Amino acid sequence: MVAQTPALMRRIAHLDMDAFYASVELLRYPQLKGLPVVIGGGRRREDDLLAQVRQRYPDREWGIEHLAEIPVDVFPRIAGYSGRGVITTATYAARAFGVGSAMGVMKAAQLCPQAILLPVDFEQYRHYSRLFKSIVRDIAPVVEDRGVDEIYIDFTHVPGGQREGGRVLARLIQKCITDATGLTCSIGVAPNKLLAKMASEMNKPNGISILFIDDLTEKIWPLACRKINGIGPKAEAKLKTHGIHTIGELAACERDGLTKHFGKSYGAWLFDAAHGVDDRPVVTESEPVSMSRETTFEKDLHVQHDRAALGDIFTRLCQQVAADLQRKGYVGKTIGIKLRFDNFQSVTRDNTLAFFTADPLAIRQAAGQCLKRIEFKRRIRLLGVRVGSLVKAADAPSPTSTSEKSLSSAFVVQEPPPSKDSPYEQADLF
Ligand code: TTP
Ligand code: MG
Ligand code: MG
């Protein structure tokens with residue numbers, strides 16, 4: 001008898017590096033550890049600091065290998081800074097003075113004049129960004145890249161990913177990153193991306209937070225709505241006008257009330273988010289969901305008068321998407337189009353085939369079918385073609401005699417009934 005595996009809980013982690021740019025700078029200048037340091041105000045010029053230290057301490061040699069020995073008093077302070085530079089981030093010691101990301105350096109100088117100011121070095125941040133991500137991928141392969149210092153990780157099927165709600169694996173990942181880079185990170189593990197993102201902030205720096213759906217009322221509902229990734233300052237302000245400040249207050253609202261005031265889609269999303277509901281998958285880079293090509297015309301085109309031009313552009317877009325798919329080794333079965341009219345109204349249509357393809361002709365024919373479902377009353381300013389439901393060409397089911405049959409039947413054009421003034425008929429033209 002085969003033993004039954006217990007059903008696995010979905011466990012999703014969000015990992016975010018601590019004071020990322022500043023922490024990378026501190027690897028180079030460990031003598032600044034524990035001090036208020038801000039990063040910004042200009043790009044790094046390698047020799048600036050060495051020139052300073054050579055002048056101040058001329059009795060010894062100073063080279064690039066001596067950066068960690070530069071006395072702290074040589075580093076520039078922000079006191080008296082005048083300029084329009086903005087801070088990218090600050091060490092936790094500087095944050096204690098109220099200094100933080102996106103603040104003008106001049107403002108920071110008022111709050112913490114003794115803070116040390118270091119210029120940015122994006123190349124170095126990118127290097128460490130790639131490094132920590134590759135360390136995580138070696139342990140847990142399902143990783144979604146969310147920018148320079150953060151990722152989502154699907155813990156569900158990874159050894160240790162379920163133990164103590166994910167804490168065991170989170171600890172291992174933290175240790176491997178710190179051992180290899182000297183950097184720390186914070187990790188939240190939760191039933192989905194929405195809650196994991198909130199959890200990773202709860203114990204910063206170098207912290208781990210484990211959330212279960214039962215923790216919602218106690219740990220999530222007291223938080224400000226703004227803590228939900230997707231509620232920005234505008235939505236927050238509007239929620240406040242309805243007397244809604246916390247996520248708990250949002251959760252107490254009726255779904256219908258929210259859709260009435262915030263629109264069908266955003267209102268429904270607000271309701272789900274407040275209840276900790278989020279089904280978004282962790283999307284790995286190696287699996288694009290779709291590929292598309294689109295173009296905005298130099299002048300708006302008319303479906304009849306510019307039929308030939310539109311037809312050419314449409315065919316070219318299909319060929320380009322097909323070439324993209326073939327170059328990257330993907331095939332897809334959902335063929336879609338996007339149009340934007342001269343009044344900026346956009347429409348999309350798609351068509352799911354019975355087979356996977358990367359063939360320009362197949363894409364052109366399926367996309368052509370989509371066009372027939374659009375009413376053309378205005379000039380067109382943008383046209384796009386998309387192929388979705390992608391799989392690696394090697395993983396696609398090979399066409400059998402049945403699927404070949406559906407292949408040919410999929411190309412049978414379902415002509416709409418002829419009618420002189422039907423807008424659909426015009427669409428056939430390109
Ligand atoms: P964050 O992860 O938002 O911040 P952080 O890593 O510095 O600090 P925390 O410990 O709170 O996570 O951003 C990552 C990096 O992105 C940050 O080090 C610098 C850069 N950044 C900017 O350049 N401008 C900004 O406004 C923000 C928020 C970040
Ligand atoms: Mg960070
Ligand atoms: Mg971040």
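## A helix crossing, a ligand shell and two cores

Let us start with two helices: the axes of α1 and helix α5 (residues 122-139) come within 10 Å of each other and cross at roughly 100°. The crossing therefore makes α1 roughly perpendicular to α5 (a term for angles of 65 to 115 degrees). On the α1 side the contact is made by F20, Y21 and V24, and on the α5 side by Q124, Y125 and Y128; contact here means C-beta atoms, placed from the backbone, within 7 Å.

This is a predicted model, in which local features need pLDDT of at least 70 and side-chain atom pairs count only at pLDDT 80 or more, while totals for chains, interfaces and linings use all residues. Residues are numbered from 1 along each chain as its sequence is written, and chains are lettered from A and ligands numbered from 1 in the order in which they are written.

Ligand 1 is surrounded by 14 residues, and the closest are F20, Y21, T88, T89 and S101 (near means a C-beta atom within 6 Å). Elements giving two or more residues to this shell are β1 (12-17), α1 (20-28) and β3 (87-90).

Here are the two sites by residue class:

| Site | Nonpolar | Polar | Charged |
|---|---|---|---|
| Shell around ligand 1 | 7 residues | 3 residues | 4 residues |
| Contact of α1 with α5 | 5 residues | 1 residue | no residues |

Now for the interior. The largest nonpolar core (buried residues joined through C-beta atoms within 7 Å, buried meaning 20 or more other C-beta atoms within 10 Å) has 69 residues, and A13, V37, V38, A108 and A115 touch the most other members. Among the residues that A13 touches are Y152, F155 and V189. A second, separate core of 29 residues includes Y330 and L353.

Key. Helices (H or I, at least four residues) and strands (E, at least two) are DSSP runs, numbered from the N terminus. Ala, Val, Leu, Ile, Met, Phe, Trp, Tyr, Cys and Pro count as nonpolar, Asp, Glu, Lys and Arg as charged, and the others, Gly among them, as polar. Axes are lines fitted to C-alpha atoms, for helices over the stretch in contact, and angles run from 0 to 180 degrees between N-to-C directions. Angles under 35 degrees count as roughly parallel, over 145 as roughly antiparallel, 65 to 115 as roughly perpendicular and the rest as oblique. Two residues are in contact if their C-beta atoms, placed from the backbone, lie within 7 Å. A residue is buried if 20 or more other C-beta atoms lie within 10 Å of its own, exposed if 12 or fewer, and partly exposed in between; C-beta atoms are placed from the backbone. Lists of a residue's contacts leave out its neighbours within four places in sequence.
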